[in-house]
Amino acid sequence: MWRVLGQPKVITLLQRSLQSGRLAHAHVFIGPPHVGKLTLAVNLAQALNCASPDPPCGECSPCRRIAAGKHADVQILDLLSSEVKGIGIDQIRDIQSVASLPPYEGRSKVFILDNADLLSHEAANCLLKTLEEPPPTVHLILLTISRSRLLPTVLSRCQEVNLRPVPLRTARDILVRDCGLPSEKADLLSRLSGGCIGWAITASRDDGVLQEREERIAAFIAMSSAGPGRRLAYAAELAAQFGKGRDRVSETLSSWLLWWRDLLLVKAGDEQYITNIDHRTALRSQADRLTVPQIQQFIRHLRAVPRQLEGNVNPRLALEVLLLDMP
Amino acid sequence: MKVSCVQENLSKGLGIVGRAVATRTTLPITNNVLIATEDSRLRLTATNLEIAISCWIGAMVEEEGAITVPARVLSEFISSLPSERIDLHVVRQSLELKCLRFEARISGLDADDFPPIPKVGDGKTYQIEPDALRAAINQVVFATASEDTRPVLTGVSAEFEDETLTLAAADGFRLAVHRAPLSGSVDERAEIIIPSRSLIELNRLLADQKETVDISINPNKSQVLFRLKDIEIVSQLLQGTFPNYRQLIPQSSTTRSTVSTPEFLRATKTASIFARDGNGIVRLQMTPAEAGQGSMNISARSEQVGDNVGEIDAEVEGEAAKIAFNGKYLIDVLSVIHEGQVTLETTTPSSPGVLRPVGSETYVHIIMPMFVQW
């Protein structure tokens with residue numbers, strides 16, 4: 001069974017090419033985080049090694065070993081993880097020498113390179129030969145967020161498979177049907193996930209994710225009526241977080257951006273499209289105090305801050321200016 | 001699992017399989033060694049997914065079972081123990097060891113998660129004497145390529161035909177071909193490419209073998225099994241076609257020089273000292289006997305270091321000739337020829353040189369010459 005939810009087109013494509021025996025030797029799966037790229041890649045590896053007549057069954061021994069990461073012929077290299085930090089030409093050479101041997105226990109050797117855009121130039125160039133004509137039993141799957149981050153020479157040697165975020169309603173239905181979530185929670189999670197089912201599933205299992213969001217929104221609401229002193233304190237707090245790890249601050253900024261998008265929608269009277277449906281009252285009362293140009297102006301500012309931070313602007317200054325600028 | 005065995009046997013067994021333990025790997029369990037009871041013996045197994053070595057040692061089995069534990073920790077601990085009885089006991093996911101008043105617990109991983117060792121059955125099986133196999137491996141394995149640009153060249157081609165096993169290795173600059181006798185004839189011809197690393201490990205284990213070695217190839221030619229006494233080595237086979245090397249062996253020559261192998265080796269080593277800076281170029285000049293003894297002149301020179309010339313006796317048939325080789329390749333091949341004399345066949349300074357031991361038809365070595373200004 002294919003375990004990727006909400007991507008019927010992609011699954012049909014892969015299934016057809018599997019059945020006709022014309023599967024490409026190298027794929028690149030392109031899609032936003034949590035959309036299901038790795039799940040799909042693991043599924044494809046299972047399908048290539050599955051022992052049942054209807055691959056991937058997910059039940060047979062090869063399928064289970066692959067899912068548990070114990071199969072000798074399926075290698076998953078996450079270029080983001082600390083273990084393989086700095087994947088270089090040596091690791092690619094290792095892959096190539098492993099690829100020249102026949103599969104150890106299964107039918108196909110599958111190499112999955114997660115976050116393939118982080119490959120160094122030398123490594124990517126070294127991979128080209130293998131990508132172009134790997135031995136018949138070898139399949140390579142590269143995963144990336146955006147096609148523009150890969151070298152054109154790499155892209156042209158792979159079949160591109162685009163995984164797009166799932167429409168809101170489909171996402172909600174999937175969460176209700178396949179994950180057994182109550183419809184209210186499914187509605188909220190599908191909106192928050194932006195169509196990336198993987199995120200919604202993680203959030204539904206881990207209460208911490210939603211709680212963190214709750215805290216952030218509480219802060220946004222508090223800041224909207226706070227004086228300059230409290231705003232500056234919040235900016236300092238964010239800047240301190242930024243010093244420890246950039247991810248949390250960029251998460252905060254993106255959920256803030258969603259909040260302001262909602263404000264704009266509420267102001268324009270398109271309330272059915274908002275993301276934070278559990279905070280309608282707060283949104284409405286804040287929107288009442290604002291004008292459309294004010295909201296647009298602040299959204300522009302919110303979008304500029306991540307770029308500034310990436311460009312190594314003093315984080316505290318950037319965040320202080322942002323908070324003082326908030327209408 | 002509850003087993004007891006002798007420290008010496010266990011330590012030796014771990015030494016044998018230890019060479020197949022993976023060093024850097026994406027599958028952490030391959031850093032472990034699998035310990036399992038099998039027919040009232042203890043089977044030790046390690047694999048790096050290219051080679052798998054299993055070794056059986058005598059043991060008293062009280063209770064069947066299996067576990068995998070980190071190979072390094074286990075073998076270092078066992079080898080530090082006195083030569084006495086060791087009791088092994090698996091408690092949940094860890095291995096308890098007791099020897100006299102020493103005790104240890106090593107945490108392990110489930111044996112079911114260990115990669116299955118390929119079964120090489122119902123294929124073709126050949127037999128060969130261990131000494132013949134060792135001699136063959138020794139004379140070809142050094143000529144394999146070390147880089148992976150052409151994977152098939154990192155292996156040794158093995159061809160079973162009639163009553164001979166022909167091993168051949170090439171790296172683009174040299175070619176070594178050895179023909180070894182098989183015990184019993186072959187009904188069906190087979191050709192495989194064995195990774196050189198596997199052959200090096202096999203060679204090491206063959207050193208103290210006296211019994212005939214079984215070589216089995218599985219039907220789809222992806223794995224080969226070498227069965228020694230109490231040891232089994234399974235190697236993955238390289239896929240692809242080995243270059244047709246037979247057409248590379250020159251059929252004729254204009255100069256045949258026969259020299260003493262040890263003298264030739266010594267003179268080449270001497271010349272190599274001076275050749276180090278000059279791309280390893282060693283020049284040979286063969287002069288036929290006009291009056292008295294013919295000779296071979298071995299020289300090297302480099303801009304910075306200087307130069308040297310050595311001369312050895314040679315029986316030269318045909319015309320006078322000169323040729324230049326990479327000294328390293330000459331040293332490699334002359335070191336594995338055990339016959340007292342060796343023949344060098346040459347034609348022009350730009351055509352390959354052929355080396356054959358005198359008095360033996362089993363070995364041919366070809367080296368590509370280097371182009372030099374004489």
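**Contacts between the chains and the interior of chain B**

Between chain B and chain A, the count is one salt bridge. In this predicted model, that salt bridge is formed by Lys70(A) and Asp113(B), whose closest N and O atoms lie 2.8 Å apart. Polar contacts also link the two chains, the count being seven residue pairs between chain B and chain A, with both residues of a pair at pLDDT 80 or more. Taken over the whole interface, 23 residues of chain B are in contact with 16 residues of chain A. The area buried between the two chains is about 1600 Å², and carbon and sulfur atoms contribute 56% of that area.

Chain B contains six helices and 25 strands, and its C-alpha atoms fill a box of roughly 80 × 50 × 35 Å when the box is taken along the principal axes. Of the 374 residues in chain B, 54% count as buried. When contacts in chain B between residues at least 6 apart in sequence are considered, 67% of them join residues that are at least 24 apart.

In soluble globular proteins, nonpolar side chains tend to be buried together. The largest nonpolar core in the model has 100 residues, and those with the most contacts inside it are Leu10(B), Leu74(B), Leu95(B), Leu97(B), Phe160(B), Phe264(B) and Leu284(B). The largest share of this core comes from helix 6 of chain B (residues 327-336), which supplies six residues. A second core, separate from this one, has 48 residues, including Ala186(A), Tyr234(A), Ile274(A) and Ala287(A). The surroundings of Leu284(B) can be described in more detail. If its neighbours within four places in sequence are left aside, Leu284(B) is in contact with Phe264(B), Asn297(B), Ile298(B), Ala321(B) and Lys322(B), and the list of its contacts also includes Ile323(B), Phe325(B), Leu330(B), Leu344(B) and Trp374(B).

Leu10(B), named above among the core residues with the most contacts, is also one of the buried residues of helix 1 of chain B, together with Gln7(B), Gly13(B), Leu14(B), Ile16(B) and Val17(B). An α-helix has 3.6 residues a turn, so residues three or four places apart point the same way. The length of helix 1 of chain B (residues 7-18) can be checked as well: at 1.5 Å a residue, its 12 residues should span 16 Å, and this agrees with the separation of its end C-alpha atoms, which are 16 Å apart.

A further buried position is found in helix 4 of chain B (residues 196-206), where Asn203(B) lies. Asn203(B) counts as buried because its relative accessibility is 10%, which is under the 20% limit used for that class. Apart from neighbours within four places in sequence, Asn203(B) is in contact with Arg134(B), Ile137(B) and Asn138(B).

Backbone angles complete the description. Most residues other than glycine have a negative phi. Leu100(B), although not a glycine, has a positive phi of about 50°, and its place is in the loop between strand 8 (94-99) and strand 9 (102-107) of chain B. With a relative accessibility of 59%, Leu100(B) counts as exposed. In chain A, Asn312(A) likewise has a positive phi, near 60°, in a residue other than glycine. The place of Asn312(A) is in the loop between helix 14 (292-310) and helix 15 (315-325) of chain A, and its relative accessible area of 59% makes Asn312(A) exposed.

Technical notes: Residues are numbered from 1 along each chain as its sequence is written. Chains are lettered from A and ligands numbered from 1 in the order in which they are written. This is a predicted model: local features need pLDDT of at least 70, side-chain atom pairs count only at pLDDT 80 or more; totals for chains, interfaces and linings use all residues. Side-chain values use heavy atoms; hydrogens and water are left out. A nonpolar core is a set of buried Ala, Val, Leu, Ile, Met, Phe, Trp, Tyr and Cys residues joined through side-chain atoms within 4.5 Å. Buried means under 20% relative accessible area, exposed over 50%, partly exposed in between (1.4 Å probe, protein chains only). Helices (H or I, at least four residues) and strands (E, at least two) are DSSP runs, numbered from the N terminus. Contact means heavy atoms within 4.5 Å. The expected span of a helix is 1.5 Å times one less than its number of residues. Buried area is the accessible area (1.4 Å probe) that two parts lose on being put together, summed over both. A salt bridge is a side-chain nitrogen of Lys or Arg within 4 Å of a carboxyl oxygen of Asp or Glu. A polar contact is a pair of N or O atoms within 3.5 Å; within protein, one must be able to donate a hydrogen and the other to accept it, and residues adjacent in sequence count only if both atoms are side-chain atoms.
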